[in-house]
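Good morning, everyone, and thank you for making time for this. I would like to walk you through one protein structure, slowly, starting with a term we will need and then moving from strand to strand.

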Amino acid sequence: MATRSTIAVIDNDGTVKQVYCHWDGYLSYNGRLLKQEYNSLKLANELVSFGDMSILAENINPTHPDHSYDSAQEGVCVYYGRDRGESNTDPKVFKDLNEFLDKRRDEEYNYLFKDGEWLVSYYKNTQDFVPFDYKEEEEGY
């Protein structure tokens, strides 16, 4: 069973881009990878630029020419558009944080890169994005 998440980034102009990620949304996996591998605005923006994804991984771009949804290179993100050829997978773009909070997609875990830091909100606690430690216990969110 998947643990779905969203990943969003507030850009310098105030717009917010959000993508869906199907697998391993837990703090201990997606949260850890976001903090360890995508800890700058440049990297966070590159990560969401490819749209909705199946799997978040340590690297965005494959080095193997045969990387695809069905034959993914280990340690590389798998995107629905780029790697599976699906359409309508572009990031959702919101004009500002208020519009994002009103109209965004919510999943079990919702990550937001804001002011140089990854934050999280948990399902049904949709307005409160808080700092997190990816070593936290997952129970009771």
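Before we look at any hairpin, we need to agree on what pairing is: two strands count as paired if DSSP finds at least two bridges between them. Please also keep in mind throughout that what you see is a predicted model.

Let me begin with the whole chain. The protein has 4 helices and 7 strands, and if you read along the sequence, these elements follow one another in the pattern β-β-α-α-β-β-α-β-α-β-β. The radius of gyration is 14 Å, which is close to the 14 Å that the globule rule gives for 141 residues, so the protein is as compact as a globular protein of that length. Along its principal axes, the C-alpha trace spans about 40 × 35 × 25 Å.

How much of the protein is buried? Of the 141 residues, 45% are buried, and the protein exposes about 7,500 Å², of which carbon and sulfur atoms supply 44%. If we take the contacts with a separation of 6 or more, 52% of them come from residues that are 24 or more positions apart. As for charge, there are 15 positive and 27 negative charges, and their mean positions are 4 Å apart.

Now let us turn to strand β1, which covers residues 5-10. Here 6 of the 6 residues are buried, so β1 is largely enclosed by the rest of the structure. Looking at the side chains in more detail, Ser-5, Ile-7 and Val-9 point one way from the strand, while Thr-6, Ala-8 and Ile-10 point the other way, and all of them are buried.

Which strands does β1 pair with? With β2 it pairs in the antiparallel sense over 6 bridges, and within this pairing Ala-8 stands opposite Gln-18. The hairpin of β1 and β2 has 5 residues between the strands, and there Gly-14 takes a positive phi near 90°. With β6, on the other hand, β1 pairs in the parallel sense over 5 bridges, and the bridge partner of Ile-7 in β6 is Tyr-111.

That brings us to strand β6 itself, residues 109-114, which is mostly covered, since 5 of its 6 residues are buried. Strand β6 also pairs with β7, residues 117-122, this time in the antiparallel sense over 6 bridges, and in that pairing Lys-114 has Glu-117 as its bridge partner. The hairpin of β6 and β7 has 2 residues between the strands, and in it Asp-115 takes a positive phi near 55°.

Let us stay with positive phi for a moment. Asp-24 is not a glycine, yet its phi is positive, at about 55°; you will find Asp-24 in the loop between β2 and α1. Asn-88 is not a glycine either, and its phi is positive as well, at about 60°; this residue lies in the loop between α3 and β5.

Are these two loop residues buried or exposed? Asp-24 has a relative accessibility of 33%, and therefore counts as partly exposed. Asn-88, by contrast, has a relative accessibility of 76%, and therefore counts as exposed.

Finally, let us look at two of the helices. In α1, which runs over residues 27-37, the buried residues are Leu-27, Asn-30, Gly-31, Leu-33 and Leu-34. What do the buried residues of α1 pack against? They pack against β1, β2, α2, β6 and β7, and you may recognise several of these names from the strand pairings we have just discussed.

In helix α4, residues 97-103, please find Leu-101. Why does Leu-101 count as buried? Its relative accessibility is 18%, and because buried means under 20%, Leu-101 falls on the buried side of the cut-off. Leu-101 and Asp-128 are 27 residues apart in sequence, and from C-alpha to C-alpha they are 9.6 Å apart in space.

To close, I would ask you to go back to β1 in the view in front of you and trace its two pairings, antiparallel with β2 and parallel with β6. Thank you for listening.

Notes:
Residues are numbered from 1 along each chain as its sequence is written. This is a predicted model: local features need pLDDT of at least 70, side-chain atom pairs count only at pLDDT 80 or more; totals for chains, interfaces and linings use all residues. Side-chain values use heavy atoms; hydrogens and water are left out. The radius of gyration is taken over C-alpha atoms; the globule rule is 2.2 Å times the number of residues to the power 0.38. Buried means under 20% relative accessible area, exposed over 50%, partly exposed in between (1.4 Å probe, protein chains only). Contact means heavy atoms within 4.5 Å. Accessible areas come from the Shrake-Rupley method with a 1.4 Å probe; for residues, only the protein chains shown count as cover. Lys and Arg count as positive and Asp and Glu as negative; His and the chain ends are not counted. The place of a charge is taken as NZ of Lys, CZ of Arg, CG of Asp or CD of Glu.
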